[in-house]
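Biologist: I am new to this structure and would like a close look at one part of it, set in the context of the chain as a whole. Could you take me through that part slowly?

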Amino acid sequence: MTKGQAKREVARLQKAFELCQWDIQLRCVDAVAVDADGGDGLISWDSETLVVFIDIAIQSPDEDVRSTILHEMIHLALVDMTEAHNKVLGLMSLEAAELGKATLEQVNEQTTVRLTRAFTNLCAK
Ligand SMILES: [Zn+2]
């Protein structure tokens with residue numbers, strides 16, 4: 001997939017998920033740079049500036065790139081929930097917060113994977 005195609009896919013999903021307040025910067029990176037959790041992408045954001053960086057290994061097969069973009073955009077769609085969790089964790093003791101953070105990150109990732117699969121299946125029909 002070209003960077004232009006990947007950008008158009010991001011724009012399409014940004015509109016569909018009503019995330020137009022975000023300035024999404026797509027960065028095409030080496031697969032090695034994003035494979036920490038076995039995926040082809042990474043997302044980071046700044047809620048103050050509303051800037052989002054999505055790092056994608058676009059040299060992967062198109063279907064994988066499309067799925068990765070969807071996965072990262074679902075993470076962005078869940079950002080308010082993620083930030084609410086982080087606020088609550090900030091009120092807890094360090095020990096409890098560390099345990100809570102690991103649990104919430106795991107549930108967030110599982111939910112994102114489940115939603116990515118569901119959207120992909122729904123769109124395939
Ligand atoms: Zn993820």
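What follows is a request about one helix and a connected reply.

Biologist: Which residues of α3 are buried, and which elements do the buried residues of α3 pack against?

Modeller: Please keep in mind throughout that this is a predicted model. Before turning to the helix, it helps to have the whole chain in view: the protein chain holds five helices and three strands, and from the N terminus on its elements follow the order α-β-α-β-β-α-α-α. The radius of gyration of the protein chain is 15 Å, close to the 14 Å that the globule rule gives for 125 residues, so the chain is as compact as a globular protein of that length. Along its principal axes, the C-alpha trace spans about 45 × 30 × 30 Å. Of the contacts between residues at least 6 apart in sequence, 68% join residues at least 24 apart, and buried residues account for 20% of the 125 residues.

Now to the helix itself. Helix α3 covers residues 62-77, and at 1.5 Å a residue its 16 residues should span 22 Å, which agrees with the 22 Å between its end C-alpha atoms. Its buried residues are Val65, Thr68, Ile69, Leu70, His71, Glu72, Met73, Ile74, His75 and Leu76. These buried residues pack against two strands, β2 (41-46) and β3 (51-56), and against the helices α1 (3-16), α4 (79-90) and α5 (94-124).

The packing with α1 can be described in some detail. The two helices, α1 and α3, pack at an angle of about 40°, their axes being 10 Å apart, and α1 passes α3 in a right-handed crossing. On the α1 side the residues that meet α3 are Ala6, Glu9, Val10, Leu13 and Gln14, while on the α3 side they are Val65, Arg66, Ile69, Leu70 and Met73. By class, this contact has seven nonpolar, one polar and two charged residues. As a general point, an α-helix has 3.6 residues a turn, so residues three or four places apart point the same way.

The end of α3 deserves a separate look, and alanine 77 belongs to this helix. Alanine 77 is partly exposed, with 17 other C-beta atoms within 10 Å. Not counting residues up to four places away in sequence, alanine 77 touches Phe17 and Leu19. Leucine 19 lies in the loop between α1 and β1 (23-28), and leucine 19 is likewise partly exposed, with 17 other C-beta atoms within 10 Å. Leaving aside its neighbours within four places in sequence, leucine 19 is in contact with Gln14, Leu76 and Ala77.

The two helices α4 and α5, against which buried residues of α3 pack, can be described in turn. At 1.5 Å a residue, the twelve residues of α4 should span 16 Å, in agreement with the 16 Å between its end C-alpha atoms. The number of buried residues in α4 is zero, so α4 lies largely in the open. For α5, with 31 residues, the expected span is 45 Å and its end C-alpha atoms are 44 Å apart, which agrees. Helix α5 is hardly covered, as the count of buried residues among its 31 residues is zero.

Methods: Residues are numbered from 1 along each chain as its sequence is written. This is a predicted model: local features need pLDDT of at least 70, side-chain atom pairs count only at pLDDT 80 or more; totals for chains, interfaces and linings use all residues. Helices (H or I, at least four residues) and strands (E, at least two) are DSSP runs, numbered from the N terminus. The expected span of a helix is 1.5 Å times one less than its number of residues. A residue is buried if 20 or more other C-beta atoms lie within 10 Å of its own, exposed if 12 or fewer, and partly exposed in between; C-beta atoms are placed from the backbone. Two residues are in contact if their C-beta atoms, placed from the backbone, lie within 7 Å. The radius of gyration is taken over C-alpha atoms; the globule rule is 2.2 Å times the number of residues to the power 0.38. Axes are lines fitted to C-alpha atoms, for helices over the stretch in contact, and angles run from 0 to 180 degrees between N-to-C directions. A crossing is left-handed if the near helix is turned anticlockwise from the far one by less than a right angle, and right-handed if clockwise. Ala, Val, Leu, Ile, Met, Phe, Trp, Tyr, Cys and Pro count as nonpolar, Asp, Glu, Lys and Arg as charged, and the others, Gly among them, as polar.
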